[in-house]
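Subject: Structure for you to look at

Hello,

I am passing on a structure that you have not worked with before. Please open it first and then read the notes underneath.

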Amino acid sequence: MTPESLATLHARAFSAQRPWSAQEFSDLLGSPLVFLVSQPHAFALGRAIAGEAELLTLATDPDHRRHGLGRQALQSYELAAEKRGAHRSFLEVAADNAAAISLYQSAGYTVDGRRPDYYLTPGGAKVDAVLMSRNLPQG
């Protein structure tokens with residue numbers, strides 16, 4: 001996927017938060033620590049360093065939700081992180097994103113804490129970030 005197609009899909013998936021721009025995706029993908037796993041209607045972007053991985057974002061096209069694509073993207077991210085030497089995975093998710101929190105919990109992620117008022121919605125409301133992590137199977 002190109003930075004432009006990633007930004008388009010991200011904007012469709014994250015209508016309640018500021019989507020990332022093509023330039024932001026391009027900048028991230030320019031780092032040797034950042035990796036992308038994708039399929040036609042979903043993707044995950046991660047970063048791995050020093051035995052840890054961070055899920056930067058995971059997006060599924062709203063027209064293709066509830067078909068397991070997000071779960072597949074998460075699993076592909078974790079496999080790619082393991083190949084890069086990661087033993088533990090971390091992520092942040094908006095506290096009001098119940099579907100994503102449910103996905104992550106079903107995959108073994110547990111809540112580590114919160115960042116108050118971390119996300120800003122297009123309407124100006126602030127939403128906490130829920131911090132989650134899990135050991136990867138090899139870890």
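The notes below go from the whole chain to its largest pocket and then to three single residues.

Please keep in mind that this is a predicted model.

The chain as a whole

The chain contains 4 helices and 6 strands. Read from the N terminus, these elements follow the order α-α-β-β-β-α-β-α-β-β. Along the principal axes, the C-alpha atoms take up a box of roughly 40 × 35 × 30 Å. The radius of gyration is 14 Å, and a compact globule of 139 residues would have a value near 14 Å, so the chain agrees with that expectation.

Of the 139 residues, 40% are buried. The accessible surface amounts to about 7,400 Å², and carbon and sulfur atoms account for 51% of that surface. As for contacts between residues at least 6 apart in sequence, 54% of them link residues at least 24 apart.

The largest pocket

The largest pocket has a volume of about 1,100 Å³. It is lined by 40 residues, and those closest to its centre are Phe14, Leu58, Asn97, Ala100 and Tyr104. Several elements give two or more residues to this lining: helices H1 (3-13), H2 (22-29), H3 (69-83) and H4 (98-106), together with strands E3 (52-60), E4 (88-94) and E5 (110-120). The largest share comes from E3, with 7 residues. By residue type, the lining consists of 19 nonpolar, 12 polar and 9 charged residues.

Three single residues

Two residues have a positive phi although they are not glycines: Arg66, at about 70 degrees, and Asp117, at about 55 degrees. Arg66 sits in the loop between E3 and H3, whereas Asp117 belongs to strand E5. Exposed means over 50% relative accessible area. Arg66 has 82% relative accessibility and therefore counts as exposed. Asp117 has 46% and so counts as partly exposed.

The third residue is Thr8, which is part of helix H1. With a relative accessible area of 49%, Thr8 is partly exposed. Its C-alpha atom is separated by 8.1 Å from that of Ala22, and the two residues are 14 apart along the chain.

When you go through the model, the lining of the largest pocket may be a convenient place to begin, with E3 giving 7 residues to it.

Regards

Definitions and conventions
Residues numbered from 1 in each chain as written. Predicted model: local features only at pLDDT ≥ 70, side-chain atom pairs only at ≥ 80, totals over all residues. Heavy atoms only, no water. 1 Å grid on protein atoms, 1.4 Å probe; cavity = no way out; pocket = protein on both sides within 12 Å on 5 of 7 lines; lining within 4 Å. Points joined across faces, edges and corners; volume = space filled by probe spheres on them. Nonpolar A, V, L, I, M, F, W, Y, C, P; charged D, E, K, R; others polar. Rg over C-alpha atoms; globule rule 2.2 N^0.38 Å. Buried < 20%, exposed > 50% of the residue type's maximum accessible area, 1.4 Å probe, protein only. Contact = heavy atoms within 4.5 Å. Areas by Shrake-Rupley, 256 points an atom, 1.4 Å probe, with all protein chains shown as cover.
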